[in-house]
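Please open the model in your viewer and keep the sequence at hand. The tour below proceeds from one selection to the next.

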Amino acid sequence: MKKIAVQDANILIDLVNAGMVDDCMKLEYKFITTSFVISEIDEYQLSVLQPHIDSTCLEILTLDEDEIVTVQQIISENHILSAEDVSVYLLALRVKATLLTGDNNLRKYAVSHGVDVCGILWLLDQMIASEIISTSQATLYLQTCLNKKSRLPKKDCDDRFESWVKDNGA
């Protein structure tokens, strides 16, 4: 059985922008997100994701009435988070899954409430470890993310680049 990971919009957008959707979907994960998040995705991004939606790779779930009330309560207490942010946080809680996000405010909130949180760098690490991509391909994907203005932690990116160059024997 595949492990489950909940994807926030910024992860989906980075995957599309870097051209790594197909490789990511080869991971032994069932990726899920919410209808709230899908509403943030533009038409082009959605067209790239579409072949994977509702397959064994990417499923869009809706929140139930109680969860929608909880979204409103959390937003009223924490004005930094959006409905989309809270929706993926609640979904990760519901299914006891890792939350994938690049949003620092969401990351801090989720971690403080016991949710495991990872980001695009972790996905790249997973694709390398699973031998889906090489370190040189990971370098290209990460550089593309940075070129497309992804807000990734500079030190962590630099550490990956340095490690991957060593792996390539440079």
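Contact here means heavy atoms within 4.5 Å. Helices (H or I, at least four residues) and strands (E, at least two) are DSSP runs, numbered from the N terminus. The model is predicted, so local features need pLDDT of at least 70 and side-chain atom pairs count only at pLDDT 80 or more, while totals for chains, interfaces and linings use all residues. Residues are numbered from 1 along each chain as its sequence is written, and side-chain values use heavy atoms, leaving out hydrogens and water.

Select the sheet. Its 5 strands form an open sheet in the order 3-2-1-4-5 with parallel pairing (two strands pair if DSSP finds at least two bridges between them). At the edges are strand 3 (58–61) and strand 5 (117–118), each pairing on one side only.

Next, select residues 3–7 and 29–34: these are strand 1 and strand 2, which run parallel and are joined by 4 bridges. Ile4 stands opposite Lys30 in strand 2.

Add helix 1 (residues 9–18), which lies across strands 1, 2, 3 and 4 (98–100) at about 95 degrees to strand 1. Axes are lines fitted to C-alpha atoms, for helices over the stretch in contact, and angles run from 0 to 180 degrees between N-to-C directions. Helix 6 (residues 83–95) also packs on the sheet, touching strand 1, strand 2, strand 3 and strand 4, and its direction makes about 135 degrees with that of strand 2.

Finally, select helix 5 (residues 65–77) with helix 6: they pack at about 125 degrees, their axes 9 Å apart. The contact residues include Val71 and Ile74 of helix 5 and Val86 and Leu90 of helix 6.
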